[in-house]
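Let's take a walk through this structure together, starting with a helix and ending at the ligand. Keep the 3D view open as you read.

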Amino acid sequence: MEFYDVIRQRRSVRDYDPDKQVEPQVLQRILEAGRIAPSATNAQPWTFVVITSPEGLSRVRAAYGSSWFQDAPAVLTVTGRRSDAWTRPADGYNALETDLTIAMDHMILAAAAEGVSSCWIAAYQPEAIRSALELGEDEEVFAITPLGYPRKDVQLPPRRGRKSLEEITKYL
Ligand SMILES: Cc1cc2nc3c(=O)[nH]c(=O)nc-3n(C[C@H](O)[C@H](O)[C@H](O)COP(=O)(O)O)c2cc1C
């Protein structure tokens with residue numbers, strides 16, 4: 001799919017067919033899109049966590065109670081350590097959240113290009129997600145997404161609008 005079509009047609013999907021798995025080769029291509037994402041100093045301070053096992057899914061589902069999320073056949077997230085990411089000497093800004101978010105966005109857009117649905121989720125229970133992902137003390141996570149296909153014949157809600165370019169752009 002053409003790049004601009006991908007970013008125009010991507011949307012948050014909150015209705016998944018629990019019986020339609022993401023094919024392994026499709027998942028591989030989605031992960032590859034994350035692998036080649038840019039990161040500050042090319043540090044690549046990330047681990048891609050793919051949850052498809054019944055035990056893993058049941059733990060991650062417990063961390064985000066929305067009923068639609070319980071049906072997603074796969075959940076993807078990106079985790080990492082602050083000490084592995086670049087820190088700007090001038091003021092101590094650390095790029096971990098930026099790097100992890102870029103990798104996640106690459107994968108979400110790759111999923112859209114593959115016809116696989118997703119939805120950024122940050123409103124999970126932080127401690128429950130940490131325990132579901134078996135994170136160490138120094139590991140962080142900023143978002144998770146379901147991956148899957150919508151139920152057949154499901155009527156997706158209308159696309160959400162956006163502010164106009166005039167409202168959000170400033171030229172200096
Ligand atoms: C950082 C971030 C966190 C989000 N967290 C949630 C969430 O916890 N639950 C949810 O249903 N959607 C969540 N969303 C999805 C947004 O609601 C959605 O992207 C926005 O309404 C625009 O709709 P669209 O993705 O269909 O274009 C999140 C999106 C972002 C970028």
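Which residues are buried in helix H3 (residues 54-62)? Before you look, bear in mind that this is a predicted model. The buried residues of H3 include Gly56, Leu57 and Val60. Because these three cover an arc of only 95 degrees around the axis, they sit on the same side of H3. Turn to the other side of the helix and you will find Pro54, Glu55 and Ala62, which are exposed; here exposed means over 50% relative accessible area, while buried means under 20%.

What do the buried residues of H3 pack against? Their partners are two strands, S1 (47-51) and S2 (74-81), together with helix H5 (126-132).

Now let's move on to the ligand. It is surrounded by 13 residues, and the closest of them are Ser12, Arg14, Tyr64, Trp120 and Arg162. Sorted by class, this shell holds seven nonpolar residues, five charged ones and one polar one.

Where do polar side chains meet the ligand's oxygen atoms? Ser12, already named among the closest residues, places a polar side-chain atom 2.6 Å from a ligand oxygen. Two arginines also take part: a polar side-chain atom of Arg10 lies 3.0 Å from an oxygen atom of the ligand, and for Arg160 the distance from such an atom to a ligand oxygen is 3.0 Å. As for how covered the ligand is, it exposes 620 Å² when taken alone, and the protein buries 67% of that area.

Note on methods. Residues numbered from 1 in each chain as written. Predicted model: local features only at pLDDT ≥ 70, side-chain atom pairs only at ≥ 80, totals over all residues. Heavy atoms only, no water. Near = heavy atom within 4 Å. Polar contact = N/O pair within 3.5 Å; in protein donor to acceptor, adjacent residues only side chain to side chain. Areas by Shrake-Rupley, 256 points an atom, 1.4 Å probe, with all protein chains shown as cover. Nonpolar A, V, L, I, M, F, W, Y, C, P; charged D, E, K, R; others polar. Buried < 20%, exposed > 50% of the residue type's maximum accessible area, 1.4 Å probe, protein only. Helix = DSSP H or I, 4+ residues; strand = E, 2+ residues; numbered from the N terminus. Arc of directions from axis to C-beta. Contact = heavy atoms within 4.5 Å.
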